[in-house]
Amino acid sequence: MLLEPAIRFSPDLTVEALNARYEGAPPEDILHAGLRFYAGGIALVSSFGAESAVLLHMAAQINPHVPVLMIDTLMLFPQTLEYQQQLSGELGLTDVRRIGLSREEAREKDPYGALHLSNPDGCCHLRKVAPLERALSLFSAHISGRKRFQNGVRANMEVFEADAAGRIKINPLAGWGPQDIAAYMDRHDLPRHPLVDKGYPSIGCVPCTSRVGEGEDPRAGRWRGSDKTECGIHFGARSRAERIEA
Ligand code: SF4
């Protein structure tokens with residue numbers, strides 16, 4: 001049983017005040033507060049990847065009609081697209097929106113589908129960052145499933161953040177570790193992404209995702225062999241270079 005948010009939202013409520021209240025709170029409470037505070041103007045952004053079922057399940061318990069944005073880069077594994085259909089149906093999510101560039105734009109700007117080889121940041125911008133920015137222009141807040149344990153860039157993220165456009169970004173799972181995720185999946189018997197059992201603990205686009213060996217970091221298969229660790233949709237006001245230096 002979720003409690004009503006302990007503080008009432010007002011437009012003056014700052015990110016600092018929200019973090020002071022909700023740092024260390026259960027993810028369900030953070031999510032509930034965010035969905036209440038920004039009702040009608042909030043979306044959940046999900047990759048429908050290896051751990052996405054957790055946050056989607058929590059959201060579905062509170063409001064199955066919340067808009068869920070999935071970025072279809074046109075480079076995703078077919079298993080991810082099938083998993084999106086399966087999971088959305090099982091959780092009863094009613095407003096899942098596949099967003100992304102059109103096939104015409106892809107043909108015009110990346111005619112050979114090879115931009116990821118020469119300019120992965122440019123490819124991520126074309127296929128992920130720009131479409132998400134367009135979609136989020138309709139919202140004042142959004143929810144992500146990032147966790148602090150995932151990599152160095154994410155280690156210091158707050159539960160509530162302001163993104164580069166001034167929207168509120170909420171990270172309900174910020175403080176959870178792999179054991180918390182696994183336990184929640186088991187407790188609720190959530191369906192797994194079919195590629196997890198095949199050695200993919202973190203799943204993105206086909207050309208930029210590889211199998212992970214035993215003992216490797218779960219995200220080691222993303223952009224393997226390069227210093228790239230993020231697609232750019234999670235950068236705030238600072239650039240990738242500034243983030244990496246930090
Ligand atoms: Fe392009 Fe790879 Fe980024 Fe996908 S993950 S948008 S293929 S660079």
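Let's start with A43, whose bridge partner in strand β4 is H142. A43 belongs to β1, residues 42-45, and β1 pairs with β4, residues 141-143, in the parallel sense over 3 bridges. By pairing I mean that DSSP finds at least two bridges between two strands. Strands and helices here are DSSP runs, numbered from the N terminus: E with at least two residues for strands, H or I with at least four for helices.

Before I go on, a word on where this comes from. This is a predicted model, in which local features need pLDDT of at least 70 and side-chain atom pairs count only at pLDDT 80 or more, while totals for chains, interfaces and linings use all residues. Residues are numbered from 1 along each chain as its sequence is written, and side-chain values use heavy atoms, with hydrogens and water left out.

Back to β1, then. What lies on its two faces, buried or exposed residues? I42 and L44 on one side, and A43 and V45 on the other, are all buried. Buried means under 20% relative accessible area, exposed means over 50%, and partly exposed is in between, with a 1.4 Å probe and protein chains only.

β1 also has a parallel neighbour in β2, residues 68-71, and 2 bridges join them. V45 has L69 as its bridge partner in β2. Going from β1 to β2, the chain passes through helix α3, residues 52-62, and this β-α-β crossover is right-handed. Right-handed means that, with the strands pointing away from you, the path from the first strand over the helix to the second runs clockwise.

Next along is the pairing of β2 with β3, which is parallel over 4 bridges. M70 is partnered with R98 there. The chain gets from β2 to β3 through α4, again as a right-handed β-α-β crossover.

Now have a look at α3. Of its 11 residues, 9 are buried, including V54, L55, L56 and M58. The buried residues of α3 pack against α2, residues 27-37, as well as β1, β2, α4, β4 and α8. Packing rests on contacts, meaning heavy atoms within 4.5 Å.

Just after that helix comes P64, in the loop between α3 and β2. P64 counts as partly exposed, at 23% relative accessibility. How far apart are P64 and T94 in sequence and in space? They are 30 residues apart in sequence and 6.2 Å apart in space, C-alpha to C-alpha. Leaving out residues up to four places away in sequence, P64 touches A59, G92, L93, T94 and D95.

L93 turns up again with S88, a residue of α4. With the same kind of sequence neighbours left out, S88 touches F48, Y83, L93 and V96. S88 counts as buried because its relative accessibility is 8%.

On to helix α7, residues 120-136. Its 17 residues reach 22 Å from first C-alpha to last, close to the 24 Å expected at 1.5 Å a residue; the expected span is 1.5 Å times one less than the number of residues. Where does α7 bend? The bend is at L126, by about 40 degrees, taken as the angle between axes fitted to the seven residues ending there and the seven starting there. L126 is also one of the buried residues of α7, with R127, K128 and P131 among the others. Those buried residues pack against β1, β2, β3, α5, α6 and β4.

For those of you thinking about cysteines: C123 in α7 is buried too, with a relative accessible area of 8%. C205 is buried as well, at 11%. How many disulfides does a search of the whole structure find? The count is 0, where a disulfide would be a pair of cysteine sulfur atoms within 2.5 Å.

Two backbone oddities are worth a click. L74, in the loop between β2 and α4, is a residue other than glycine with a positive phi, near 70 degrees. L74 is partly exposed, at 28% relative accessibility. D189, in the loop between α8 and α9, has a positive phi near 50 degrees, and is again not a glycine. D189 is exposed, with a relative accessible area of 65%.

Finally, the overall picture. The protein has 9 helices and 6 strands, and 50% of its 246 residues count as buried. Among contacts with a separation of 6 or more, 68% come from residues 24 or more positions apart.
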